[in-house]
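Opening the notebook on this one. I'll jot down what I look up as I go.

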Amino acid sequence: MMRNRGRWDDCVQHWGDAAIAFVQDFFTDADRKVILVCGGGFDPRSRIVADHVADACAKDTHCVILREDVPLTDDTLVKRADDNTNAIQARFDNHQVERINMVSGDQAVTGGRTAVQRVQKHLESGTTDLIVDFSAMSIGVAFPLVRLLLEYAEQKPGGQTVNLHLFAIDEPLTDGAITSIASDRATPVHGFGGQLGLDASRGAAKLWLPQLGLGESVPEVLGRVYNWLEPDAVCPVIPFAPSRPRLGDDLIWAFRDEFESTWQVDSRDIVYAHDSYPLDLYRTILRIDDIRQQVFRDVGGSMTILSPFGRKMLAIGAMLAAIDRDFPVVRSEAVGYRMDQDKIDDAEQVRMVHLWLHGEAYPQDNSKEADQ
């Protein structure tokens with residue numbers, strides 16, 4: 001069966017030195033007016049993209065720094081976040097720090113909704129390029145933010161084409177060194193409810209694709225999502241990491257109880273995806289959904305539900321699939337973090353990733369229309 005064409009099948013992308021060269025060449029154009037939205041977090045990767053953008057076009061950039069405040073984070077990480085936020089501010093004359101309370105008074109996770117509201121007020125006519133730096137943002141903030149900016153760019157404000165660029169810093173050891181403390185509630189990410197709970201999809205067969213990761217609390221967190229969703233089938237997403245060939249075996253062992261009893265997963269149900277290439281998982285998810293839509297179309301249809309966790313590169317792939325097909329994304333969001341300094345110190349050389357999601361790189365100045 002041929003897969004239906006995805007919006008980002010031919011996504012323009014750059015990796016490593018090529019991504020840095022793109023920033024240095026593209027954003028030095030004096031006609032560009034840029035809005036950069038980045039995270040002022042404790043993550044050591046927080047400053048990298050902002051520094052490269054500042055080197056290229058600091059005076060023509062409005063930098064919006066999102067500072068995510070979560071209750072269960074120790075003072076050492078707060079100090080790191082302060083330092084990174086201050087360093088980013090120093091690079092841009094036109095900057096604004098937006099503090100985002102990730103948890104409300106009743107312990108509901110509201111960071112994504114708040115972030116969208118805060119960023120909306122910074123969108124202004126005349127902007128040529130929107131940049132989202134995924135590196136130091138939580139999934140609960142980054143996903144709704146990318147969707148907001150994509151919808152804004154598609155409207156062609158002022159009648160002009162607006163480019164949307166997604167940047168991230170890929171460094172597997174750093175992802176593994178940061179452990180999130182999850183909320184005790186499983187909920188859809190803001191703006192990513194899809195067809196969940198709607199009468200029209202009540203009879204749909206629910207396929208859950210959880211992204212697996214190592215950590216003592218991960219099985220418990222994903223178990224909470226599983227119990228909330230009650231899916232009909234589970235296809236776990238396991239990263240294929242060339243730098244760590246046994247990672248897949250380690251994950252299967254860590255989730256052996258879930259595979260054998262609760263989720264009832266066998267080897268044919270496992271989805272493998274390269275841990276550094278978001279479009280690999282993106283295309284795989286769309287292919288799985290196409291097959292299921294054909295199989296279940298006469299018996300209530302199929303619903304694909306995503307739960308990204310762990311590696312940010314894979315999370316980006318899941319996000320693109322969710323936006324493309326309006327898949328629900330369900331998680332227990334982070335209410336705190338821990339970081340293993342030893343692993344951070346051992347981190348390998350980082351690599352910048354650039355995905356050009358919308359704009360003048362695509363025919364007709366509208367990538368969505370061009371794919372139809």
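**Cysteines first**

I checked cysteine 235: it is buried, with a relative accessible area of 14% (buried is under 20%, exposed over 50%, partly exposed in between, with a 1.4 Å probe and protein chains only). Cysteine 63 is buried too, at 0%.

Note to self: this is a predicted model, so local features need pLDDT of at least 70 and side-chain atom pairs 80 or more, while totals for chains, interfaces and linings use all residues. Residues are numbered from 1 along each chain as its sequence is written, and side-chain values use heavy atoms, leaving out hydrogens and water.

How many disulfides are there in the whole structure? I searched and got zero, a disulfide being two cysteine sulfurs within 2.5 Å. The closest cysteine sulfur to that of cysteine 63 belongs to cysteine 38, at 3.9 Å, which is too far for a bond.

**Cores**

I looked up the largest nonpolar core (buried Ala, Val, Leu, Ile, Met, Phe, Trp, Tyr and Cys joined through side-chain atoms within 4.5 Å). It has 96 residues, and Phe27, Leu66 and Leu149 have the most contacts inside it. Helix 5, residues 139-154, gives the most to this core, with 11 residues (helices are DSSP H or I runs of at least four residues, strands E runs of at least two, numbered from the N terminus). A separate second core has 24 residues, including Leu212 and Ile270.

**Strand 16**

Five of the six residues in strand 16 (334-339) are buried, so the rest of the structure largely encloses it. Strand 8 (178-182) runs antiparallel to strand 16, with five bridges; pairing takes at least two DSSP bridges. Isoleucine 178 has methionine 339 as its bridge partner there.
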